[in-house]
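Hi everyone, thanks for making the time. I'd like to walk you through one model today, so let me put it up on the screen.

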Amino acid sequence: MKKKILLPYYFKTLGYILVLPFLALGIAYIGWGYTVSWLDFSITNFTDELAAIGLIISLFFVAFSKEKIEDEAIQFFRLEALQLAVYANYAVLLLAVIFCYGTLFFTIMTINLFTVLFIFILRFRYVLYQHNKISL
């Protein structure tokens, strides 16, 4: 089977370290309107951009880094988890289009940018956990 292009294993650790502060910053911004003063530039504040970029990069590192042992089973688990994540993302999108309007819709769409990576990581980790549990 053809090898997939993945980041080195150590990127996973870096991603987990970075995801917490950027997730906290994003939640603080959306939930309480928190802004970082040094990100103020003339007419706007770039706190939300920093949180989004940091969260995307850190989740990408976690999701697309090699495992210690990378084989065909792991590649199959990745594909299955990615497929489920895309299904869930579009289910959220469909429900938001039907039931949400105005700023609530915009907030849900902003959060929905990250659901593919979140669900992929959660599902992939769960499947790996189950696989490793059975293997022992």
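**A quick tour of the fold, pockets and surface**

Okay, so the chain has five helices and two strands. One thing up front: what you're looking at is a predicted model. If you read along the sequence, the pattern goes α-β-β-α-α-α-α. In overall dimensions, the C-alpha atoms fill a box of roughly 55 × 35 × 25 Å, taken along the principal axes. There are 136 residues in the chain, and buried residues make up 32% of them.

Let's go to the strands. Between strand 1, residues 40–41, and strand 2, residues 44–45, there's a loop, and Ser42 sits in that loop. Have a look at its backbone: Ser42 isn't a glycine, yet it has a positive phi of about 30°. And is Ser42 buried or exposed? It's exposed, with a relative accessible area of 81%.

Now the pockets. The largest pocket has a volume of about 430 Å³. Which elements give two or more residues to its lining? Those are helix 1 (10–32), helix 2 (47–63), helix 4 (102–112) and helix 5 (115–135). Helix 1 provides the largest share, with six residues. In total, 19 residues line this pocket, and if you want to find its centre on the screen, look for Gly26, Ile30, Thr110, Ile111 and Phe114, which lie nearest to it. As for the chemistry of that lining, we have 13 nonpolar residues, four polar and two charged.

Next, the second largest pocket, which holds about 230 Å³ of space. It's lined by 12 residues, and the ones closest to the centre are Lys4, Gln75, Phe76, Arg78 and Leu79. Which helix gives the most to this lining? That would be helix 3, residues 72–99, with six residues. Here the lining splits into eight nonpolar residues, one polar and three charged.

Let's stay with helix 3 for a moment, since Phe99 lies in it. Phe99 is part of a nonpolar patch on the surface, together with Leu94, Leu95 and Ile98. Those four residues have about 440 Å² of accessible area together. Phe99 itself counts as exposed because its relative accessible area is 62%, and the cut-off for exposed is over 50%.

That's the tour. If you'd like to turn the model around yourselves, I'd go back to the two pockets and then to the patch. Happy to take questions.

How values were computed
Residues are numbered from 1 along each chain as its sequence is written. This is a predicted model: local features need pLDDT of at least 70, side-chain atom pairs count only at pLDDT 80 or more; totals for chains, interfaces and linings use all residues. Side-chain values use heavy atoms; hydrogens and water are left out. Helices (H or I, at least four residues) and strands (E, at least two) are DSSP runs, numbered from the N terminus. Buried means under 20% relative accessible area, exposed over 50%, partly exposed in between (1.4 Å probe, protein chains only). On a 1 Å grid over the protein atoms alone, a cavity is a set of points where a 1.4 Å probe fits but cannot get out, and a pocket is an open set with protein on both sides within 12 Å along at least five of seven lines; lining residues have an atom within 4 Å of a point. Grid points are joined across faces, edges and corners, and a volume is the space filled by probe spheres set on the points. Ala, Val, Leu, Ile, Met, Phe, Trp, Tyr, Cys and Pro count as nonpolar, Asp, Glu, Lys and Arg as charged, and the others, Gly among them, as polar. Patches are made of residues with over 30% relative accessible area and no salt bridge: like charges are joined within 9 Å, nonpolar side chains (Val, Leu, Ile, Met, Phe, Trp, Tyr) within 5 Å. Accessible areas come from the Shrake-Rupley method with a 1.4 Å probe; for residues, only the protein chains shown count as cover. A salt bridge is a side-chain nitrogen of Lys or Arg within 4 Å of a carboxyl oxygen of Asp or Glu.
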